[in-house]
Amino acid sequence: MKTGEKDILLSGMQPTGPLHIGNYVGALRNWVRLQDQFAGRLFVFVADYHAMSENYDPKERQEQILTLVAEYLAAGLDPKKVTIYVQSHIPEVTELFWIFNTVTPVAFLERMTQFKDKSGRQKENINMGLFSYPVLQAADILLPKASLVPVGLDQVQHVELTRDIARFFNNRFGETFPEPKPLLTEIPKVMGLLDPEKKMSKSVPGSYISLMDEPEEIQKKLRRAVTDMGPVTDRSKKSAGVQNLFTLLHEFGTPEDDAIMERAYQDGSLKYSELKDLLALRIADHLATFRARRAKLLANPAALERMLATNAKKVRKMAQQTVKEVRQKVGLST
Ligand code: ADP
Ligand code: TRP
């Protein structure tokens, strides 16, 4: 994609437990790759307001927030290039959220697949936060006037809604916001291990490999991964499960790994157990560095908190500018 000199990039994740390799390959690793090209213009945050829309234990939340920050850094985000912050440190976002609510048609929110999924999963707690979640996401993105949003495929619908909200606002109150676009990785959708027709997700047990899984656990999960349902007749097109394993090998292994396994697949000599064990080894090696860095960072929470406090000040300044402009445009101030 062609990106301009002035593009601002913004993305974030919810602090709802350890990340999995889908989050890593689909989003986090992409941010690390983008941080050089967009040094100083990449904003990554912890979506703690969003995470309140699902059932959780408030006693665990602070630790989950700090852990996610440590995971961002452990994955390779450089605080000199990327501004990492916590969403609730910027209360201005909730004001923009309210204003955006007034230009968002209810019918647009009713179409959101994440809302449909999540409200199906927590029928006893279908709260307004779950419903208006994408409007808050639009406020996150448009507060610093970001124009590119690096996320996985499942978030594209939310970024498209953000474009609609920006357009509706601009039409009604005058040109104010860019219409942001999603920025996908090469692998925008890692599939689940047990059901490769569905995305890998932390809400589907057994579907994912956590970044905190020990090597034996990774191997165990991969050995259970679904491959072919019957004999392979056409080698030009892999089944979803097999394709997913190859995709992961491409991401975590070496070019030689790719070539050797592909050749064996094509001549029919590949044992899927070998492919799975090699992949387990490569993922475990990769994650060993991540885990060591994460532990080191979490041993010094005060340093993380200092960084977050500094960044909150910087982001708030920008946020206040946007909110001031918006208040004038909508007639809340002169
Ligand atoms: P989960 O479904 O596990 O709860 P989230 O919705 O918290 O994941 O996603 C956080 C980020 O990771 C988003 O940018 C999302 O697009 C990305 N992501 C999540 N799952 C996958 C996946 N299976 N493949 C690629 N990207 C993913
Ligand atoms: N909805 C995103 C997710 O589930 C998290 C998120 C909230 C986000 N606000 C955002 C992502 C703004 C990108 C930009 O992963």
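**Figure 1. Who sits around ligand 2 in this predicted model.** The shell around ligand 2 splits into seven nonpolar residues, seven polar ones and one charged. Here Ala, Val, Leu, Ile, Met, Phe, Trp, Tyr, Cys and Pro count as nonpolar, Asp, Glu, Lys and Arg as charged, and the others, Gly among them, as polar. Of the 15 residues around the ligand, Phe45, Tyr133, Gln137, Asp140 and Gln155 come nearest; to be near, a residue needs a heavy atom within 4 Å. β1 (9–13) and α7 (128–142) each put in at least two shell residues, and α7 has the largest share, with four. Helices (H or I, at least four residues) and strands (E, at least two) are DSSP runs, numbered from the N terminus.

**Figure 2. Polar contacts to ligand 2.** Tyr133 has a polar side-chain atom 2.7 Å from a nitrogen atom of ligand 2, and Asp140 likewise places one 2.7 Å from a ligand 2 nitrogen. For Gln155, the distance from a polar side-chain atom to a nitrogen atom of ligand 2 is 3.0 Å. A polar contact here is a pair of N or O atoms within 3.5 Å. On its own, ligand 2 has 370 Å² of accessible area, and the protein covers 91% of that (Shrake-Rupley method, 1.4 Å probe).

**Figure 3. The surroundings of ligand 1.** Around this one there are 17 residues, with His20, Gly152, Asp154, Val190 and Lys199 coming nearest. By class, the shell has six nonpolar, seven polar and four charged residues. Helix α1 (residues 21–34) gives the most, with four residues.

**Figure 4. Polar contacts to ligand 1.** A side-chain N or O atom of His20 is 2.7 Å from an oxygen atom of ligand 1. The backbone joins in too: a polar backbone atom of Met200 is 2.9 Å from a nitrogen atom of ligand 1, and a backbone N or O atom of Lys202 lies 2.9 Å from a ligand 1 oxygen. The protein covers 93% of the 540 Å² of accessible area that ligand 1 has on its own.

**Figure 5. Where α4 meets α7.** The axes of helix α4 (residues 92–101) and α7 come within 8 Å and cross at roughly 120°. Axes are lines fitted to C-alpha atoms over the stretch in contact, with angles running from 0 to 180 degrees between N-to-C directions. The two helices are therefore oblique to each other: angles under 35 degrees count as roughly parallel, over 145 as roughly antiparallel, 65 to 115 as roughly perpendicular and the rest as oblique.

**Notes.** Residues are numbered from 1 along each chain as its sequence is written, while chains are lettered from A and ligands numbered from 1 in the order in which they are written. In this predicted model, local features need pLDDT of at least 70 and side-chain atom pairs count only at pLDDT 80 or more, while totals for chains, interfaces and linings use all residues; side-chain values use heavy atoms, with hydrogens and water left out.

Note on methods:
A polar contact is a pair of N or O atoms within 3.5 Å; within protein, one must be able to donate a hydrogen and the other to accept it, and residues adjacent in sequence count only if both atoms are side-chain atoms.
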